[in-house]
Amino acid sequence: MLTGRPRVQRTVSVVGLSATLVVAVVLLVEAYRHGPVVVRVGGWPPPVGIVLVADQLAALMLVVSSAVTLCVLLYSIGQGQGETSESAPVSIYHPTYLVLTAGVTNAFLAGDLFNLFVGFEILLAASFVLITLGGTEVRIRTGSTYVVVSVLSSMIFLASMGLVYAATGTVNMAQLAGRLDDLPDGVRLMLQLMLLLAFGIKAAVFPVSAWLPDSYPTAPAPVTAVFAGLLTKVGVYAIIRTETLLFPGGQVADLLMVVAGLTMVVGILGAVAQSDMKRLFSFTLLSHIGYMIFGVALSSVAGLTGAIFYVVHHITIQTTLFLVAGLVEERAGSTDLRRLGGLAKVAPLLAVLFFVPAMNLAGIPPFSGFLGKLGLLQAGVAAGGVLPGVLVAAGTLTSLLTLYAASRVWNIAFWRAPRLATDGPTVRLPGLMVGATAALVALGVALTLAAGPLFRVTADAATDLRQRTPYVRAVLPAGVR
């Protein structure tokens with residue numbers, strides 16, 4: 001109905017995402033004060049009907065994702081994405097973007113495995129369109145890889161869900177929390193590993209992460225930013241939810257620690273070898289997923305607290321850095337470090353917008369990146385043992401190499417003498433693009449200023465995840481098992 005009317009599409013998109021953000025904040029306050037908020041879709045009681053559950057973890061993820069998607073939408077409007085043009089003759093950007101947001105939201109609120117699967121498929125179907133937007137050869141080629149990998153992970157998830165239902169007679173997660181405990185250890189372990197494989201591909205953990213650095217950087221800047229900030233975190237969220245609610249006890253803790261350590265180290269070594277900002281940020285994205293998996297692997301309240309805090313931090317900061325890369329490309333015509341230089345002189349505001357989140361990602365005190373890493377490393381030290389100690393060392397090394405990678409980008413692109421791409425006519429950056437990026441930079445700083453309250457929320461969420469009882473009681477009627 002709104003095809004060919006980009007102004008109306010922009011208005012509907014901004015109003016819709018703004019309303020979603022307001023609702024998400026209300027849900028977080030309600031979940032923090034009174035426990036999980038449950039909606040029984042169609043009035044059907046669980047486990048027969050679909051339930052949407054907003055506990056503290058889901059509501060917090062919803063708040064952060066809504067804020068990020070709104071800022072990225074404003075950025076894309078400033079860049080002109082979604083306007084009718086020869087490369088995109090049909091106004092599909094805004095409706096597809098809203099479908100993506102709906103999929104992410106549904107995945108966070110899903111109270112059963114099937115609805116979680118539906119959320120993944122909604123966001124993936126929209127992402128297939130967005131990653132190939134414009135139809136260039138490079139985007140079609142890399143998008144094809146992304147589609148194949150995504151379909152593979154969805155098939156594994158679907159098969160896992162079928163096996164879970166065959167073994168337990170339900171896919172409701174609150175009900176599974178009790179029934180999975182009654183299965184033989186071997187069957188339970190097989191189901192756990194299959195779900196971990198499916199979610200690990202979506203979260204891009206090593207060794208099933210090679211698809212990401214080649215897929216994300218070719219998409220338009222706002223698409224890459226929202227993919228980097230959110231899509232992998234939905235996979236991480238699914239790992240956190242299933243490992244705490246369905247498979248507590250840390251049966252695969254050692255495996256997760258090995259995977260987390262390799263993800264951190266391999267990812268950051270890939271980052272320091274890159275000469276393009278987008279690919280460099282793609283590898284740092286991979287690397288820092290390892291911190292979150294480390295927190296899950298510890299199977300402690302402290303570890304989960306650090307993991308959830310770091311997810312919130314990383315969604316914001318990684319999205320911001322990709323938006324900055326888009327601004328660099330807009331100003332200089334390239335993100336290739338070999339063609340950049342002197343940006344701190346010709347575009348000082350752009351330099352500030354890069355420097356603050358880059359130092360935050362590297363974990364420089366007192367930013368939220370430092371606080372999140374410190375919480376995770378302290379949890380690792382408190383856990384004791386060889387593997388947690390190795391992970392603490394790997395996390396420290398990764399942080400130092402992240403600082404090296406960020407400093408390298410700063411020295412080459414912003415500090416050294418101007419090169420071909422930046423030694424040319426001044427290009428005025430659209431105010432909306434700069435404003436949206438600045439808003440996310442401010443949000444990253446706000447996470448530092450509000451770290452105390454945020455840690456309390458994440459600690460409460462981690463405690464509820466470990467106990468499982470608040471979630472199960474809120475979802476299931478009395479007497480249902």
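1. Salt bridges come to five in a search of the whole structure. The term covers a side-chain nitrogen of Lys or Arg within 4 Å of a carboxyl oxygen of Asp or Glu. The model is predicted: local features need pLDDT of at least 70, side-chain atom pairs count only at pLDDT 80 or more, and totals for chains, interfaces and linings use all residues. Residues are numbered from 1 along each chain as its sequence is written, and side-chain values use heavy atoms, with hydrogens and water left out.

2. Arginine 241 and aspartate 55 form one salt bridge, at 2.8 Å from N to O. Arginine 241 sits in helix α9 (residues 221-246), and aspartate 55 in the loop between β2 (51-54) and α2 (56-79), so the pair ties together parts 186 residues apart in sequence. Helices here are DSSP runs of H or I, at least four residues; strands are runs of E, at least two; both are numbered from the N terminus. Arginine 241 is buried, at 3% relative accessibility. Aspartate 55 is also buried, at 8%. Buried means under 20% relative accessible area, exposed over 50%, and partly exposed in between (1.4 Å probe, protein chains only).

3. Aspartate 181 pairs with arginine 188 in a salt bridge, with 3.5 Å between the closest N and O atoms. Aspartate 181 is partly exposed, at 38%. Arginine 188 is buried, at 8%. The pair belongs to a network of salt bridges that links Asp181, Arg188 and Arg468.

4. Arginine 338 meets aspartate 336 in a salt bridge, at 3.0 Å from N to O. Arginine 338 counts as exposed, with 57% relative accessibility. Aspartate 336 is buried, with a relative accessible area of 16%.

5. Helix α11 spans residues 277-298. Its 22 residues should cover 32 Å at 1.5 Å a residue, and the end C-alpha atoms lie 33 Å apart, which agrees. The expected span is 1.5 Å times one less than the number of residues. As for cover, 21 of the 22 residues of α11 are buried.

6. Both ends of α11 deserve a look. At the N-terminal end, aspartate 276 acts as a cap: a side-chain oxygen lies 3.0 Å from the backbone nitrogen of lysine 278. Just after α11, serine 299 takes a positive phi of about 55°.

Terms used. Polar contact = N/O pair within 3.5 Å; in protein donor to acceptor, adjacent residues only side chain to side chain.
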